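Hi,

Here is the structure we talked about. Please open it first, then read my notes below it.

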Amino acid sequence: MKVGLYFGSFNPIHVGHLIIANHMAEYSDLDEVWFVVTPQNPHKKKGSLLDDHHRYELVYIAVDDYSKLRPSDIEFKLPQPNYTVHTLAHISEKHPNKEFCLIMGEDNLKSFHKWKNYETILEHHDIYVYPRIVGGKVKNQFRDHPKIHRVDAPIIQISATLIRDGIKENKNVAPMLPEKVWKYMDEMNFYRK
Ligand SMILES: Nc1ncnc2c1ncn2[C@@H]1O[C@H](COP(=O)(O)OP(=O)(O)OP(=O)(O)O)[C@@H](O)[C@H]1O
Ligand SMILES: O=C(O)c1ccc[n+]([C@@H]2O[C@H](COP(=O)([O-])O)[C@@H](O)[C@H]2O)c1
């Protein structure tokens, strides 16, 4: 079985994430997509991060109705900050019968040369890249790389930052979130202060 791993802070998960993951599961050769909730991205400040378990709960609620999408808390017990190369080694050892690929946006591909041991990642895993609107260029070494596959998924301009800021300013952010996710966030008063 071929599993696509979609790593992120998911602070919170939104419809942009869900549309990408569902597109990969339905229109590529991936059998499943797992949302790996990252406690601490090595390139991001902890800042306004909601508690790990709350972010995981929101992902869990979001994928509940999708049989090919799953939540994963595998990074919760691994050392922080979370380097993807370590998680990939750990997850591959835990599930020897599955083939794991990485899903990433074009934005992340642009800074992929700064990731820890990115050559090791490319040696062992395929990467499925979806388009995003961002400045800058993808490095030549990643352009026609045999392990990097482009998937023509839709471009959605929503970010978790936009949602967090909107909630603080009392705006209606409901359309940007799966309905059950928004209901839970609203009840729990997440991101209000
Ligand atoms: N609208 C979107 N469409 C496609 N990919 C997205 C979108 N928003 C985020 N991503 C990508 O999904 C992954 C996880 O996203 P992340 O949790 O950082 O959300 P975010 O919305 O970018 O968050 P923030 O605004 O807090 O930086 C990252 O690789 C990110 O580039
Ligand atoms: O391994 C690395 O060096 C590395 C550097 C930057 C980002 N990442 C991972 O990329 C994923 C996307 O991060 P984010 O916070 O933008 O959603 C997240 O799981 C990070 O841990 C990993």
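**Strands 1 and 2**

Start with one pair: Phe-7 stands opposite Val-36 in strand 2. Keep in mind that this is a predicted model. Gly-8 also has a bridge partner in strand 2, and that partner is Val-37. Together, strand 1 (residues 2-8) and strand 2 are joined by 6 bridges and pair in the parallel sense. How does the chain get from one to the other? It leaves strand 1, passes through helix 1 (residues 15-27) and reaches strand 2. This β-α-β crossover is right-handed.

Is each strand enclosed or open? In strand 1, 5 of the 7 residues are buried, so strand 1 is largely enclosed by the rest of the structure. Strand 2 covers residues 32-37. Here 5 of the 6 residues are buried, so strand 2 is also largely enclosed by the rest of the structure.

**Strands 3 and 4**

Now look at strand 3, which is residues 69-72. Strand 3 runs parallel to strand 2, and 4 bridges join them. One bridge to find on screen links Trp-34 to Arg-70 in strand 3. The chain goes from strand 2 through helix 2 (residues 52-63) to strand 3. That β-α-β crossover is right-handed.

Strand 4 is residues 99-105. It runs parallel to strand 1, with 5 bridges between them. To locate the pairing, find Val-3: its bridge partner in strand 4 is Phe-100.

**The whole chain**

Next, step back. The chain has 8 helices and 6 strands. From the N terminus on, the order is β-α-β-α-β-α-β-α-α-β-α-β-α-α. Try following that order on your screen.

How does the radius of gyration of the chain relate to that of a compact globule? A compact globule of 193 residues would have a radius of gyration near 16 Å. The chain has 16 Å, so the two agree. Along its principal axes, the C-alpha trace spans about 45 × 35 × 30 Å. Of the 193 residues, 31% count as buried.

There is also a record to look at. UniProt places the feature "domain: Cytidyltransferase-like" at residues 5-165, in an unreviewed entry. That span is 36% helix and 17% strand. Its end C-alpha atoms lie 28 Å apart.

**Ligand 1**

Which residues come nearest to ligand 1? Of the 17 residues around ligand 1, these are Gly-8, Gly-16, Ser-159, Ala-160 and Thr-161. You met Gly-8 above, as the bridge partner of Val-37. Several elements each supply at least two residues of the shell: helix 1, strand 4, helix 4 (106-110) and helix 7 (160-168). Helix 1 gives the largest share, 3 residues. By type, the shell divides into 6 nonpolar, 9 polar and 2 charged residues.

**Ligand 2**

Ligand 2 is surrounded by 14 residues. The closest are Phe-7, Gly-8, Thr-38, Asn-41 and Trp-115. Strand 1 and helix 3 (84-94) are the elements that give two or more residues to this shell. The shell divides into 5 nonpolar, 7 polar and 2 charged residues. Gly-8 is worth a second look here. It is listed among the nearest residues for ligand 1, and among the closest for ligand 2.

**Two residues to find**

Where is Lys-44? It is in the loop between strand 2 and helix 2. Is Lys-44 buried or exposed? It has 12 C-beta neighbours inside 10 Å, and a residue with 12 or fewer is exposed, so Lys-44 counts as exposed. Lys-44 and Asn-97 are 53 residues apart along the chain. Their C-alpha atoms are separated by 33 Å.

Then go to Gly-166, which sits in helix 7. Gly-166 has 15 other C-beta atoms within 10 Å, so it is partly exposed. Gly-166 and Tyr-191 are 25 residues apart along the chain, and their C-alpha atoms are separated by 9.3 Å.

Best wishes

Conventions. Residues numbered from 1 in each chain as written. Chains lettered and ligands numbered in written order. Predicted model: local features only at pLDDT ≥ 70, side-chain atom pairs only at ≥ 80, totals over all residues. Buried ≥ 20, exposed ≤ 12 C-beta atoms within 10 Å, placed from the backbone. Helix = DSSP H or I, 4+ residues; strand = E, 2+ residues; numbered from the N terminus. Pairing = 2+ DSSP bridges. Right-handed = clockwise from strand over helix to strand, strands pointing away. UniProt positions renumbered as here; feature names shortened; annotations may be inferred. Near = placed C-beta within 6 Å. Nonpolar A, V, L, I, M, F, W, Y, C, P; charged D, E, K, R; others polar. Rg over C-alpha atoms; globule rule 2.2 N^0.38 Å.
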